[in-house]
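Hello,

Here is the structure I promised to pass on to you. Please have a look at it first, and then read on for what turned up.

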Amino acid sequence: MSSLSTTDSSSEPSLKPAEYCFRCIGCGYLSDAAAQDFRCAKCADLLEISYTGWNDSKPNPEALKTLWRNRRALNFAVDLSGVWRYRELLPALAQNEQPITLREGNTPLYELPQCARITGVPRLFAKHQGMNPTGSFKDTGMTVAATFARRAGFRWVACASTGNTSASMAAYAARGGLRSLVLVPEGKISWSKLSQALDYGAVTCQLRTDFDGCLRLLQELVRQAPVYQLNSINPFRLEGQKTLAIELLEQLDWNPPDHIIVPGGNLGNSSAIGKALLEMCELGLISRLPKLSVIQAEGANALLRTIREADGKHLISVQADTRATAIRIGNPASWKKAVHVIEATGGACEQVTEIEIAQAKAEIGAEGIGCEPASAVTLAGLKKLVRQHFVKPNESVVLVLTGNLLKDPDYTIEFHQGELFKQAGEGAASLNRLRRPPIVLDATLDAVIRTLNQAENS
Ligand code: F0G
(Lines give C-alpha, C1' and ligand atoms only; values in the text may rest on other atoms or scores of the structure.)
Protein backbone atom coordinates (compact mmCIF):
# COMPACT_ATOMS: atom_id res chain seq x y z
CA MET A 1 0.00 0.00 0.00
CA SER A 2 1.15 3.51 -0.68
CA SER A 3 1.48 5.97 2.15
CA LEU A 4 1.54 9.71 2.50
CA SER A 5 4.69 11.68 2.07
CA THR A 6 5.25 14.26 4.78
CA THR A 7 8.95 14.79 4.25
CA ASP A 8 9.19 15.31 0.51
CA SER A 9 11.24 17.99 -1.13
CA SER A 10 8.29 20.42 -1.17
CA SER A 11 9.41 21.50 2.29
CA GLU A 12 12.14 23.54 0.56
CA PRO A 13 11.58 27.25 1.37
CA SER A 14 10.76 28.27 -2.22
CA LEU A 15 8.26 25.42 -2.63
CA LYS A 16 6.08 25.78 0.45
CA PRO A 17 2.36 25.08 0.00
CA ALA A 18 0.61 28.26 -1.02
CA GLU A 19 -1.24 30.37 1.56
CA TYR A 20 -4.66 31.24 0.24
CA CYS A 21 -7.81 33.20 0.94
CA PHE A 22 -11.19 33.58 -0.77
CA ARG A 23 -11.58 36.45 -3.20
CA CYS A 24 -14.94 37.66 -4.49
CA ILE A 25 -14.93 37.86 -8.30
CA GLY A 26 -17.48 40.71 -8.15
CA CYS A 27 -16.25 43.20 -5.53
CA GLY A 28 -12.79 41.80 -4.78
CA TYR A 29 -13.53 41.33 -1.05
CA LEU A 30 -10.97 39.01 0.58
CA SER A 31 -11.93 36.61 3.38
CA ASP A 32 -10.33 33.73 5.23
CA ALA A 33 -13.52 31.69 5.45
CA ALA A 34 -16.43 31.04 3.09
CA ALA A 35 -20.11 30.67 3.96
CA GLN A 36 -21.84 27.37 3.15
CA ASP A 37 -23.27 28.75 -0.10
CA PHE A 38 -19.80 29.91 -1.27
CA ARG A 39 -21.12 33.40 -1.98
CA CYS A 40 -19.48 36.70 -1.05
CA ALA A 41 -20.69 38.02 2.32
CA LYS A 42 -20.75 41.56 0.86
CA CYS A 43 -22.24 41.21 -2.64
CA ALA A 44 -23.25 37.50 -3.01
CA ASP A 45 -21.08 36.97 -6.10
CA LEU A 46 -18.93 33.84 -6.53
CA LEU A 47 -15.64 33.30 -4.70
CA GLU A 48 -12.34 32.11 -6.04
CA ILE A 49 -9.23 30.97 -4.26
CA SER A 50 -6.41 33.47 -4.34
CA TYR A 51 -2.84 32.69 -3.34
CA THR A 52 -1.86 35.65 -1.18
CA GLY A 53 1.51 34.08 -0.36
CA TRP A 54 2.61 34.67 -3.97
CA ASN A 55 2.52 38.44 -3.39
CA ASP A 56 5.63 38.13 -1.20
CA SER A 57 7.43 35.22 -2.80
CA LYS A 58 6.52 33.23 -5.86
CA PRO A 59 7.65 29.61 -6.15
CA ASN A 60 10.53 29.10 -8.54
CA PRO A 61 9.13 27.72 -11.83
CA GLU A 62 12.14 25.55 -12.70
CA ALA A 63 12.19 24.05 -9.20
CA LEU A 64 8.47 23.28 -9.51
CA LYS A 65 8.94 21.54 -12.87
CA THR A 66 11.74 19.37 -11.49
CA LEU A 67 9.84 18.55 -8.31
CA TRP A 68 6.68 17.56 -10.21
CA ARG A 69 8.65 15.46 -12.69
CA ASN A 70 10.50 13.66 -9.86
CA ARG A 71 7.28 12.86 -8.05
CA ARG A 72 6.26 10.64 -10.98
CA ALA A 73 8.79 8.10 -9.71
CA LEU A 74 7.31 7.99 -6.18
CA ASN A 75 4.63 5.71 -4.75
CA PHE A 76 3.12 8.00 -2.11
CA ALA A 77 -0.64 8.50 -2.49
CA VAL A 78 -0.27 12.27 -2.92
CA ASP A 79 2.27 11.78 -5.69
CA LEU A 80 0.32 9.06 -7.51
CA SER A 81 -2.60 11.48 -7.78
CA GLY A 82 -2.37 13.57 -10.95
CA VAL A 83 -3.94 16.37 -8.93
CA TRP A 84 -2.05 16.42 -5.62
CA ARG A 85 1.24 15.98 -7.48
CA TYR A 86 0.88 19.70 -8.29
CA ARG A 87 -0.01 20.62 -4.71
CA GLU A 88 2.17 23.74 -4.60
CA LEU A 89 -0.58 25.38 -6.73
CA LEU A 90 -3.42 24.03 -4.58
CA PRO A 91 -4.83 24.89 -1.15
CA ALA A 92 -2.50 23.20 1.30
CA LEU A 93 -3.21 19.89 2.99
CA ALA A 94 -2.69 19.94 6.75
CA GLN A 95 0.40 18.23 8.15
CA ASN A 96 -0.12 14.47 7.82
CA GLU A 97 -3.54 14.93 6.17
CA GLN A 98 -4.40 12.12 3.74
CA PRO A 99 -6.45 13.40 0.78
CA ILE A 100 -9.44 11.45 -0.49
CA THR A 101 -7.96 10.17 -3.72
CA LEU A 102 -8.67 7.58 -6.42
CA ARG A 103 -5.46 8.41 -8.35
CA GLU A 104 -7.38 10.89 -10.47
CA GLY A 105 -5.75 12.92 -13.21
CA ASN A 106 -2.87 11.16 -14.97
CA THR A 107 -4.98 11.31 -18.13
CA PRO A 108 -3.54 10.70 -21.60
CA LEU A 109 -2.87 13.26 -24.28
CA TYR A 110 -3.69 11.58 -27.58
CA GLU A 111 -2.89 12.60 -31.13
CA LEU A 112 -5.96 12.63 -33.40
CA PRO A 113 -4.60 11.88 -36.90
CA GLN A 114 -7.95 11.24 -38.58
CA CYS A 115 -9.63 14.30 -37.06
CA ALA A 116 -6.51 16.28 -38.00
CA ARG A 117 -7.14 15.35 -41.65
CA ILE A 118 -10.82 16.19 -41.38
CA THR A 119 -10.20 19.62 -39.86
CA GLY A 120 -7.00 20.46 -41.75
CA VAL A 121 -5.16 21.08 -38.47
CA PRO A 122 -2.21 18.62 -38.37
CA ARG A 123 -1.19 19.30 -34.77
CA LEU A 124 -4.42 18.21 -33.11
CA PHE A 125 -4.53 16.52 -29.68
CA ALA A 126 -7.14 15.35 -27.20
CA LYS A 127 -6.62 15.61 -23.45
CA HIS A 128 -8.93 12.80 -22.39
CA GLN A 129 -10.42 13.55 -18.99
CA GLY A 130 -12.85 10.69 -19.55
CA MET A 131 -9.98 8.43 -18.48
CA ASN A 132 -10.40 9.54 -14.87
CA PRO A 133 -11.50 6.97 -12.24
CA THR A 134 -15.25 7.64 -12.57
CA GLY A 135 -14.99 8.48 -16.28
CA SER A 136 -15.10 12.28 -16.26
CA PHE A 137 -13.07 15.40 -15.48
CA LYS A 138 -15.08 15.92 -12.29
CA ASP A 139 -12.75 13.63 -10.33
CA THR A 140 -9.88 16.12 -10.44
CA GLY A 141 -12.00 18.69 -8.64
CA MET A 142 -13.75 16.25 -6.37
CA THR A 143 -10.56 14.95 -4.73
CA VAL A 144 -9.80 18.47 -3.49
CA ALA A 145 -13.32 19.57 -2.53
CA ALA A 146 -14.24 16.28 -0.82
CA THR A 147 -10.99 16.42 1.18
CA PHE A 148 -11.86 19.94 2.37
CA ALA A 149 -15.45 18.90 3.14
CA ARG A 150 -14.17 16.18 5.43
CA ARG A 151 -11.68 18.52 7.04
CA ALA A 152 -14.49 21.04 7.72
CA GLY A 153 -16.24 18.29 9.69
CA PHE A 154 -19.27 17.74 7.43
CA ARG A 155 -21.04 14.38 7.45
CA TRP A 156 -23.07 15.07 4.31
CA VAL A 157 -22.03 16.35 0.90
CA ALA A 158 -24.49 17.19 -1.87
CA CYS A 159 -24.68 18.30 -5.49
CA ALA A 160 -27.06 19.07 -8.30
CA SER A 161 -25.94 17.35 -11.45
CA THR A 162 -26.45 16.40 -15.06
CA GLY A 163 -24.84 13.09 -14.06
CA ASN A 164 -21.08 13.23 -13.97
CA THR A 165 -20.70 15.39 -10.87
CA SER A 166 -23.05 13.09 -8.98
CA ALA A 167 -21.12 9.97 -10.04
CA SER A 168 -17.85 11.54 -9.01
CA MET A 169 -19.13 13.01 -5.75
CA ALA A 170 -20.71 9.71 -4.72
CA ALA A 171 -17.43 7.87 -5.32
CA TYR A 172 -15.24 10.32 -3.40
CA ALA A 173 -17.74 10.60 -0.55
CA ALA A 174 -17.75 6.81 -0.24
CA ARG A 175 -13.94 6.71 -0.22
CA GLY A 176 -13.82 9.43 2.43
CA GLY A 177 -16.48 7.97 4.74
CA LEU A 178 -18.98 10.76 3.95
CA ARG A 179 -22.68 10.43 3.06
CA SER A 180 -23.81 11.95 -0.22
CA LEU A 181 -27.06 13.45 -1.52
CA VAL A 182 -27.60 13.74 -5.26
CA LEU A 183 -30.22 15.96 -6.96
CA VAL A 184 -30.67 15.15 -10.65
CA PRO A 185 -33.35 16.12 -13.19
CA GLU A 186 -35.69 13.19 -13.66
CA GLY A 187 -35.31 11.45 -17.02
CA LYS A 188 -32.65 13.91 -18.22
CA ILE A 189 -29.43 12.13 -17.29
CA SER A 190 -27.94 8.97 -18.73
CA TRP A 191 -28.57 5.64 -17.01
CA SER A 192 -24.90 4.98 -16.93
CA LYS A 193 -24.19 8.03 -14.74
CA LEU A 194 -27.23 7.38 -12.56
CA SER A 195 -26.10 3.80 -12.01
CA GLN A 196 -22.72 5.01 -10.75
CA ALA A 197 -24.28 7.24 -8.09
CA LEU A 198 -26.51 4.36 -6.94
CA ASP A 199 -23.66 1.87 -6.76
CA TYR A 200 -21.37 4.24 -4.84
CA GLY A 201 -24.12 4.58 -2.23
CA ALA A 202 -25.52 8.09 -2.76
CA VAL A 203 -29.03 9.04 -1.68
CA THR A 204 -30.25 9.85 -5.18
CA CYS A 205 -33.25 12.14 -5.77
CA GLN A 206 -34.64 12.46 -9.28
CA LEU A 207 -36.41 15.82 -9.19
CA ARG A 208 -39.20 16.81 -11.56
CA THR A 209 -37.29 19.81 -12.92
CA ASP A 210 -34.20 20.56 -14.98
CA PHE A 211 -30.55 20.94 -13.84
CA ASP A 212 -31.04 24.64 -13.16
CA GLY A 213 -34.00 23.81 -10.90
CA CYS A 214 -31.91 21.21 -9.04
CA LEU A 215 -29.10 23.72 -8.47
CA ARG A 216 -31.50 26.40 -7.20
CA LEU A 217 -32.91 23.94 -4.69
CA LEU A 218 -29.47 22.82 -3.56
CA GLN A 219 -28.44 26.41 -2.87
CA GLU A 220 -31.49 26.82 -0.62
CA LEU A 221 -30.78 23.50 1.06
CA VAL A 222 -27.20 24.33 2.06
CA ARG A 223 -28.39 27.49 3.80
CA GLN A 224 -30.72 25.44 6.00
CA ALA A 225 -29.06 22.07 6.53
CA PRO A 226 -25.52 21.05 7.54
CA VAL A 227 -24.71 19.87 4.03
CA TYR A 228 -21.53 20.73 2.15
CA GLN A 229 -22.14 21.62 -1.48
CA LEU A 230 -19.91 20.07 -4.10
CA ASN A 231 -21.07 21.87 -7.23
CA SER A 232 -18.50 23.87 -9.16
CA ILE A 233 -19.62 26.98 -7.26
CA ASN A 234 -17.34 25.41 -4.64
CA PRO A 235 -13.97 27.06 -5.36
CA PHE A 236 -11.98 24.06 -4.05
CA ARG A 237 -13.35 21.99 -6.92
CA LEU A 238 -12.08 24.46 -9.49
CA GLU A 239 -8.62 24.35 -7.90
CA GLY A 240 -8.51 20.60 -8.49
CA GLN A 241 -9.83 20.96 -12.05
CA LYS A 242 -7.05 23.47 -12.70
CA THR A 243 -4.53 20.63 -12.70
CA LEU A 244 -5.86 19.44 -16.08
CA ALA A 245 -4.03 22.40 -17.62
CA ILE A 246 -0.90 21.96 -15.51
CA GLU A 247 -0.63 18.27 -16.40
CA LEU A 248 -1.30 19.11 -20.07
CA LEU A 249 1.51 21.66 -20.16
CA GLU A 250 3.85 19.20 -18.46
CA GLN A 251 2.94 16.61 -21.15
CA LEU A 252 3.84 19.20 -23.80
CA ASP A 253 7.19 19.91 -22.09
CA TRP A 254 5.83 23.35 -21.14
CA ASN A 255 5.39 24.44 -24.78
CA PRO A 256 1.90 26.01 -24.78
CA PRO A 257 -0.45 24.95 -27.57
CA ASP A 258 -1.99 27.78 -29.57
CA HIS A 259 -5.55 26.77 -28.67
CA ILE A 260 -7.36 24.83 -25.97
CA ILE A 261 -11.02 24.05 -26.70
CA VAL A 262 -13.44 23.00 -23.98
CA PRO A 263 -17.19 22.29 -23.75
CA GLY A 264 -19.25 24.78 -21.76
CA GLY A 265 -22.12 23.84 -19.44
CA ASN A 266 -22.17 25.33 -15.96
CA LEU A 267 -18.80 26.86 -16.98
CA GLY A 268 -16.76 25.71 -13.99
CA ASN A 269 -14.28 23.76 -16.08
CA SER A 270 -13.46 26.51 -18.56
CA SER A 271 -13.04 28.90 -15.60
CA ALA A 272 -10.70 26.45 -13.86
CA ILE A 273 -8.56 25.85 -16.95
CA GLY A 274 -8.36 29.59 -17.60
CA LYS A 275 -7.34 30.27 -13.99
CA ALA A 276 -4.58 27.67 -14.30
CA LEU A 277 -3.28 29.24 -17.53
CA LEU A 278 -3.19 32.71 -16.02
CA GLU A 279 -1.48 31.45 -12.85
CA MET A 280 1.09 29.43 -14.82
CA CYS A 281 1.90 32.57 -16.80
CA GLU A 282 2.14 34.67 -13.62
CA LEU A 283 4.54 32.14 -12.08
CA GLY A 284 6.68 31.87 -15.23
CA LEU A 285 5.87 28.20 -15.85
CA ILE A 286 4.80 29.18 -19.38
CA SER A 287 5.80 32.22 -21.37
CA ARG A 288 2.62 32.72 -23.41
CA LEU A 289 -1.07 32.00 -23.04
CA PRO A 290 -2.96 29.53 -25.21
CA LYS A 291 -6.29 30.89 -26.43
CA LEU A 292 -9.07 29.20 -24.44
CA SER A 293 -12.30 28.73 -26.41
CA VAL A 294 -15.62 27.47 -25.07
CA ILE A 295 -18.13 25.57 -27.22
CA GLN A 296 -21.79 25.14 -26.34
CA ALA A 297 -24.66 23.17 -27.81
CA GLU A 298 -26.96 25.46 -29.80
CA GLY A 299 -29.84 24.47 -27.52
CA ALA A 300 -27.92 25.42 -24.36
CA ASN A 301 -26.08 28.53 -25.47
CA ALA A 302 -26.38 30.91 -22.52
CA LEU A 303 -22.71 31.95 -22.58
CA LEU A 304 -22.71 32.55 -26.32
CA ARG A 305 -25.77 34.77 -26.06
CA THR A 306 -24.37 36.53 -22.99
CA ILE A 307 -21.24 37.45 -24.95
CA ARG A 308 -22.95 38.29 -28.27
CA GLU A 309 -26.06 40.06 -27.00
CA ALA A 310 -24.95 41.53 -23.67
CA ASP A 311 -21.23 41.99 -24.31
CA GLY A 312 -20.55 39.63 -21.39
CA LYS A 313 -22.00 42.13 -18.91
CA HIS A 314 -25.05 40.24 -17.66
CA LEU A 315 -26.23 36.66 -18.02
CA ILE A 316 -28.79 35.78 -20.65
CA SER A 317 -30.36 32.54 -19.42
CA VAL A 318 -31.97 30.09 -21.82
CA GLN A 319 -34.38 27.16 -21.59
CA ALA A 320 -31.80 24.47 -22.28
CA ASP A 321 -32.39 21.51 -24.56
CA THR A 322 -29.81 19.18 -26.10
CA ARG A 323 -29.15 15.44 -26.41
CA ALA A 324 -25.70 16.22 -24.97
CA THR A 325 -27.35 15.99 -21.56
CA ALA A 326 -24.16 16.75 -19.60
CA ILE A 327 -24.31 20.36 -20.83
CA ARG A 328 -28.10 20.77 -20.78
CA ILE A 329 -27.79 23.88 -18.62
CA GLY A 330 -29.52 27.21 -19.22
CA ASN A 331 -28.38 29.30 -16.26
CA PRO A 332 -24.64 28.66 -15.87
CA ALA A 333 -23.32 29.59 -12.43
CA SER A 334 -19.75 30.46 -13.45
CA TRP A 335 -20.59 32.58 -16.51
CA LYS A 336 -18.70 35.62 -15.20
CA LYS A 337 -15.53 33.62 -14.58
CA ALA A 338 -15.80 32.10 -18.07
CA VAL A 339 -16.23 35.49 -19.75
CA HIS A 340 -13.14 36.68 -17.89
CA VAL A 341 -10.88 33.79 -18.97
CA ILE A 342 -12.06 33.90 -22.60
CA GLU A 343 -11.23 37.62 -22.70
CA ALA A 344 -7.95 37.26 -20.81
CA THR A 345 -6.65 34.51 -23.10
CA GLY A 346 -8.07 35.92 -26.34
CA GLY A 347 -10.32 32.88 -26.88
CA ALA A 348 -13.70 32.55 -28.55
CA CYS A 349 -17.15 31.18 -27.78
CA GLU A 350 -19.10 29.20 -30.38
CA GLN A 351 -22.17 27.02 -30.66
CA VAL A 352 -22.77 23.81 -32.61
CA THR A 353 -25.87 21.94 -33.76
CA GLU A 354 -27.06 18.51 -32.60
CA ILE A 355 -26.08 16.99 -35.93
CA GLU A 356 -22.61 18.54 -35.79
CA ILE A 357 -22.19 17.08 -32.29
CA ALA A 358 -23.25 13.58 -33.41
CA GLN A 359 -20.91 13.68 -36.39
CA ALA A 360 -17.95 14.86 -34.30
CA LYS A 361 -18.63 12.20 -31.68
CA ALA A 362 -18.57 9.44 -34.31
CA GLU A 363 -15.34 10.86 -35.75
CA ILE A 364 -13.66 10.83 -32.32
CA GLY A 365 -14.97 7.30 -31.82
CA ALA A 366 -13.46 6.23 -35.14
CA GLU A 367 -10.04 7.25 -33.76
CA GLY A 368 -10.39 4.38 -31.26
CA ILE A 369 -10.83 6.88 -28.43
CA GLY A 370 -14.48 7.87 -28.09
CA CYS A 371 -16.14 10.33 -25.76
CA GLU A 372 -19.58 11.32 -24.58
CA PRO A 373 -21.68 13.75 -26.66
CA ALA A 374 -20.87 16.83 -24.56
CA SER A 375 -17.14 16.32 -25.17
CA ALA A 376 -17.65 16.09 -28.94
CA VAL A 377 -18.75 19.73 -29.13
CA THR A 378 -15.03 20.54 -29.03
CA LEU A 379 -14.28 18.92 -32.40
CA ALA A 380 -17.48 20.32 -33.92
CA GLY A 381 -16.52 23.75 -32.58
CA LEU A 382 -12.98 23.46 -33.93
CA LYS A 383 -14.35 22.89 -37.45
CA LYS A 384 -16.29 26.13 -37.12
CA LEU A 385 -13.32 28.06 -35.72
CA VAL A 386 -11.18 26.84 -38.64
CA ARG A 387 -13.82 28.00 -41.14
CA GLN A 388 -13.80 31.41 -39.43
CA HIS A 389 -9.95 31.48 -39.65
CA PHE A 390 -9.81 31.91 -35.88
CA VAL A 391 -7.77 28.68 -35.78
CA LYS A 392 -5.09 28.52 -38.48
CA PRO A 393 -3.89 25.24 -40.03
CA ASN A 394 -0.33 25.72 -38.73
CA GLU A 395 -1.47 26.17 -35.12
CA SER A 396 -1.57 23.47 -32.44
CA VAL A 397 -4.90 22.63 -30.82
CA VAL A 398 -5.88 20.61 -27.75
CA LEU A 399 -9.47 19.43 -27.38
CA VAL A 400 -10.53 18.70 -23.82
CA LEU A 401 -12.61 15.51 -23.89
CA THR A 402 -14.52 15.69 -20.64
CA GLY A 403 -16.33 12.34 -20.44
CA ASN A 404 -15.83 8.70 -21.38
CA LEU A 405 -17.64 7.05 -24.32
CA LEU A 406 -19.33 4.60 -21.90
CA LYS A 407 -21.06 7.45 -20.05
CA ASP A 408 -23.94 7.57 -22.54
CA PRO A 409 -24.31 4.24 -24.38
CA ASP A 410 -27.95 4.94 -25.33
CA TYR A 411 -26.87 7.90 -27.46
CA THR A 412 -24.19 5.88 -29.23
CA ILE A 413 -26.46 2.93 -29.96
CA GLU A 414 -29.30 5.14 -31.18
CA PHE A 415 -26.82 6.92 -33.44
CA HIS A 416 -25.44 3.76 -35.04
CA GLN A 417 -28.88 2.18 -35.41
CA GLY A 418 -30.12 5.27 -37.22
CA GLU A 419 -32.67 6.17 -34.55
CA LEU A 420 -31.08 9.47 -33.56
CA PHE A 421 -32.42 12.37 -35.65
CA LYS A 422 -34.88 10.12 -37.48
CA GLN A 423 -37.07 13.15 -38.11
CA ALA A 424 -34.23 15.46 -39.14
CA GLY A 425 -34.37 14.47 -42.86
CA GLU A 426 -31.77 15.98 -45.18
CA GLY A 427 -29.41 17.36 -42.52
CA ALA A 428 -28.95 13.98 -40.90
CA ALA A 429 -28.10 12.22 -44.19
CA SER A 430 -24.46 13.29 -43.79
CA LEU A 431 -24.29 11.06 -40.73
CA ASN A 432 -25.08 7.82 -42.58
CA ARG A 433 -21.52 7.09 -43.69
CA LEU A 434 -20.46 7.15 -40.01
CA ARG A 435 -23.10 4.73 -38.78
CA ARG A 436 -21.99 1.18 -37.94
CA PRO A 437 -25.18 -0.65 -36.94
CA PRO A 438 -24.88 -4.15 -35.47
CA ILE A 439 -25.70 -6.87 -38.01
CA VAL A 440 -27.91 -9.82 -37.03
CA LEU A 441 -26.98 -13.01 -38.94
CA ASP A 442 -27.61 -16.73 -38.94
CA ALA A 443 -24.73 -18.43 -37.15
CA THR A 444 -23.04 -19.73 -40.33
CA LEU A 445 -19.55 -19.22 -41.67
CA ASP A 446 -21.05 -18.34 -45.01
CA ALA A 447 -23.04 -15.44 -43.60
CA VAL A 448 -20.04 -14.02 -41.75
CA ILE A 449 -17.75 -14.25 -44.79
CA ARG A 450 -20.37 -12.60 -46.99
CA THR A 451 -20.62 -9.74 -44.48
CA LEU A 452 -16.85 -9.42 -44.35
CA ASN A 453 -16.67 -9.15 -48.14
CA GLN A 454 -19.48 -6.60 -48.25
CA ALA A 455 -17.68 -4.48 -45.66
CA GLU A 456 -14.40 -4.76 -47.54
CA ASN A 457 -16.03 -3.55 -50.76
CA SER A 458 -18.15 -0.76 -49.26
N1 F0G B 1 -18.65 17.75 -20.29
C2 F0G B 1 -19.18 16.84 -19.46
C3 F0G B 1 -19.01 15.41 -19.80
C4 F0G B 1 -19.86 17.26 -18.30
O5 F0G B 1 -20.37 16.36 -17.47
C6 F0G B 1 -20.01 18.65 -18.05
C7 F0G B 1 -20.74 19.13 -16.88
C8 F0G B 1 -19.43 19.55 -18.96
C9 F0G B 1 -18.75 19.05 -20.06
C10 F0G B 1 -19.49 21.00 -18.76
O11 F0G B 1 -18.61 21.41 -17.76
O12 F0G B 1 -20.26 22.53 -16.31
O13 F0G B 1 -17.82 22.85 -15.98
O14 F0G B 1 -18.96 23.82 -17.97
N15 F0G B 1 -21.39 18.40 -16.10
C16 F0G B 1 -21.97 18.83 -14.83
C17 F0G B 1 -22.50 17.65 -14.05
C18 F0G B 1 -22.80 20.00 -14.87
O19 F0G B 1 -23.40 17.85 -13.21
O20 F0G B 1 -22.02 16.56 -14.24
P21 F0G B 1 -18.93 22.74 -16.96
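Glutamate 350 is buried, with 6% relative accessible area. Please keep in mind that this is a predicted model. The partner of glutamate 350 is arginine 308: the two form a salt bridge, and their closest N and O atoms are 3.0 Å apart. Arginine 308 belongs to helix H11 (residues 302-310) and glutamate 350 to strand S12 (residues 349-352), so this pair ties together parts that lie 42 residues apart in sequence.

How many salt bridges does the structure hold? There are 28. Side chains of opposite charge can pair when their charged atoms come close. Two further pairs are worth a visit.

One is arginine 71 with glutamate 88, a salt bridge whose closest N and O atoms are 2.7 Å apart. Distant parts of the chain are linked by this pair, 17 residues apart: arginine 71 sits in helix H2 (residues 61-71), while glutamate 88 is in the loop between helix H3 (77-80) and strand S4 (109-111). Are these partners buried or exposed? Arginine 71 counts as buried because its relative accessibility is 2%, under the 20% cut-off. Glutamate 88 is also buried, at a relative accessible area of 3%. The pair does not stand alone, since a network of salt bridges links Arg71, Asp79, Arg87 and Glu88.

The other is glutamate 372 with lysine 193, again a salt bridge, with 2.7 Å between the closest N and O atoms. Glutamate 372 is found in the loop between helix H13 (354-365) and helix H14 (373-387), and lysine 193 in helix H7 (residues 191-199), so the pair ties together parts 179 residues apart in sequence. Both glutamate 372 and lysine 193 are buried.

Finally, a residue to look at for its surroundings: isoleucine 342, which has its place in helix H12 (residues 335-345). Isoleucine 342 is buried because its relative accessible area is 6%, under the 20% cut-off. Which residues is isoleucine 342 in contact with, leaving aside its neighbours within four places in sequence? They are Leu292, Val294, Leu303, Ile307, Gly347, Ala348 and Cys349. You can also find lysine 291 from here: its C-alpha atom is separated by 7.5 Å from that of isoleucine 342, although the two residues are 51 apart along the chain.

Enjoy exploring, and do write back with any questions.

Best wishes

Technical notes: Residues are numbered from 1 along each chain as its sequence is written. This is a predicted model: local features need pLDDT of at least 70, side-chain atom pairs count only at pLDDT 80 or more; totals for chains, interfaces and linings use all residues. Side-chain values use heavy atoms; hydrogens and water are left out. A salt bridge is a side-chain nitrogen of Lys or Arg within 4 Å of a carboxyl oxygen of Asp or Glu. Helices (H or I, at least four residues) and strands (E, at least two) are DSSP runs, numbered from the N terminus. Buried means under 20% relative accessible area, exposed over 50%, partly exposed in between (1.4 Å probe, protein chains only). Contact means heavy atoms within 4.5 Å.
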